[in-house]
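Take a look at the sequence and the 3D structure below. Then read on for a short tour of selected residues and strands.

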Amino acid sequence: FAYLLGAELFGRWAGVIGASLLAASYAQVWWARHPSSEVMTQLLVLSGLWLGARFLRDGGRILGILFGALLGAVMLVRVDAFLAAAAVPLLFGYDLLRRGPVRRWLYPGIPLALFAGLMVLYLNTYGARYLYVIYTEHHLDDALALWPVAVPVAAALAGAALYARGRWSARIQAHLAVWRSYYGVFIGLCAMGVALWAYFVWPVPWESLPDGSREFDAYREQVLVRLSWFVTPLVGALGLAGFVLCAARTDARRTLVLGAFLAFGALYAAVPNVAPDLPWATRRFVPVAFPVLSLLAGYAIVEAGRLFGALWDRRAGVILAGGLAAVSFGWTVYAASPVLAFQELGGGVDEFGRIEASIPEADVIFMEMPDGYDITASTFEYLYGRPVLAYDRVRFLREIDELEEAGLLRNALYVTVDGGPAPLLADVDFRQVASAELDLPRMKPVEKELPVEKESLSLRYRVFRIEEDR
């Protein structure tokens, strides 16, 4: 779908080059091997944007419904996926101002609204815990605090748009027809200026940053520097150039894609609430930012060849474009070489299945984890099919009375993952009933460079039956 989207927007060769750069990139290879929501979100978003681009080019009820359904359905995979439709209100407003075909937006709009409602329903029922995490750790509380200002401003803008539509619609349409490309160049250059500032000026000296920090924003100032390692600085620079070119020659299709790119990229560059260790820190950029950046780089390469061919010679332009594509692809493959032939956590499903088989039957399993680190508890929740609760030892001791009153200590197990003993309590006995060990290959977690060193994830499980003496 990356190729289809690139071919739709920029031509076949740009699509081929961009999709190849994406497929060979470190983050794409790494995330494609993990059972995570990022790659599924990428598939749905790219396919939805491709159908959206075709809908904006050709129209059609079916294309519009599928466009809205795909971008809506992905909200049930990742809550922040609504950002992929960030440009839809802008395009609707543009059609409204120029008295364009406004009714066509009902086709994608109705599915988007339905899935948005389902997302809100999910977050307030089964996903309440996830909503709490977003609210407390990912700045949702700060965003909601803006609604008393945002609602009146949105209402005022809507009223102004309706007034302008009734009075100056033809004048606005003529003005945008002449000045649209200039506005696009201005917006593109502003975005490029901010990106260059964030890459060259904002970062602080590496030696001033801690090693091994677990804070989400510990390496916030280095966000673009660290992300460029995964796409390579050359592809990043070509992507910026392609962004300016695309903004200068924008139309509704390109605006749709650039809106999704800016919404994801700008938000998570400004608020990088992601894991500090690489490549986990790239997860928010995998669904949209990296694919679109790769396609923009492919577009810039093709346009550079065309410009050089027009100024000098067509054959020379082909050679320049081919050389840029080859160097970009080669650098991308070189950067991704540590993971191309290495299967991180290879055999993990079989190993966790073996550990799971050694755990006796129980109604509840308490998996001891360091505070804030759920290493394997969620894995066993999926495999074991019973309530698996991640607890650190201090919290378990503090809440032991409440757990007993809730009946959660009856037919319960307590599991340690570091080979350590069970908690020491006067009125509760912990009888060891099983033990097992696990060793899996993985890349060494680092924060200040691309992971290239390999190590073993070693866990020693001790399983204790909880026996109440009270």
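## Cysteines

Cys 190 is partly exposed, with a relative accessible area of 36%. Cys 246 is buried, with a relative accessible area of 1%. This is a predicted model, and the values here are computed from it.

How many disulfides does the structure hold? The number is 0. Start with Cys 190: the closest cysteine sulfur belongs to Cys 246 and lies 16 Å away, so the gap is too far for a bond. Now start from Cys 246: the closest cysteine sulfur is the one in Cys 190, again at 16 Å and too far for a bond. A disulfide needs two cysteine sulfur atoms within 2.5 Å.

## Arg 253

Arg 253 sits in helix H13, which covers residues 252-270. Is Arg 253 buried or exposed? Its relative accessibility is 16%, so Arg 253 counts as buried. The cut-off for buried is under 20%.

Which residues does Arg 253 touch, leaving out those up to four places away in sequence? They are Glu 8, Leu 9, Ala 53, Leu 56 and Arg 57. Glu 8 also appears in a polar contact: the side chain of Arg 253 reaches the backbone oxygen of Glu 8 at 2.8 Å.

## Arg 78

Arg 78 is found in a loop. That loop runs between helix H5 (61-73) and helix H6 (88-97). Arg 78 is buried, because its relative accessible area is 5%.

The side chain of Arg 78 makes a polar contact with the side chain of Asp 80, at 3.1 Å. Beyond the neighbours within four places in sequence, Arg 78 is in contact with Ser 37, Glu 38 and Thr 41. Two arginines, Arg 283 and Arg 284, are also in contact with Arg 78.

## Strands around S5

Strand S5 covers residues 454-468. Strand S3 (residues 412-416) runs antiparallel to S5, and 4 bridges join them. Thr 416 stands opposite Arg 462 in S5.

How many bridges link strand S4 and S5? There are 15, and the pairing is antiparallel. Strand S4 spans residues 428-443. Here Arg 431 stands opposite Arg 465 in S5. One general point helps when viewing such strands. In a regular strand, side chains alternate between the two faces of the sheet.

How values were computed
Residues numbered from 1 in each chain as written. Predicted model: local features only at pLDDT ≥ 70, side-chain atom pairs only at ≥ 80, totals over all residues. Heavy atoms only, no water. Pairing = 2+ DSSP bridges. Helix = DSSP H or I, 4+ residues; strand = E, 2+ residues; numbered from the N terminus. Buried < 20%, exposed > 50% of the residue type's maximum accessible area, 1.4 Å probe, protein only. Polar contact = N/O pair within 3.5 Å; in protein donor to acceptor, adjacent residues only side chain to side chain. Contact = heavy atoms within 4.5 Å.
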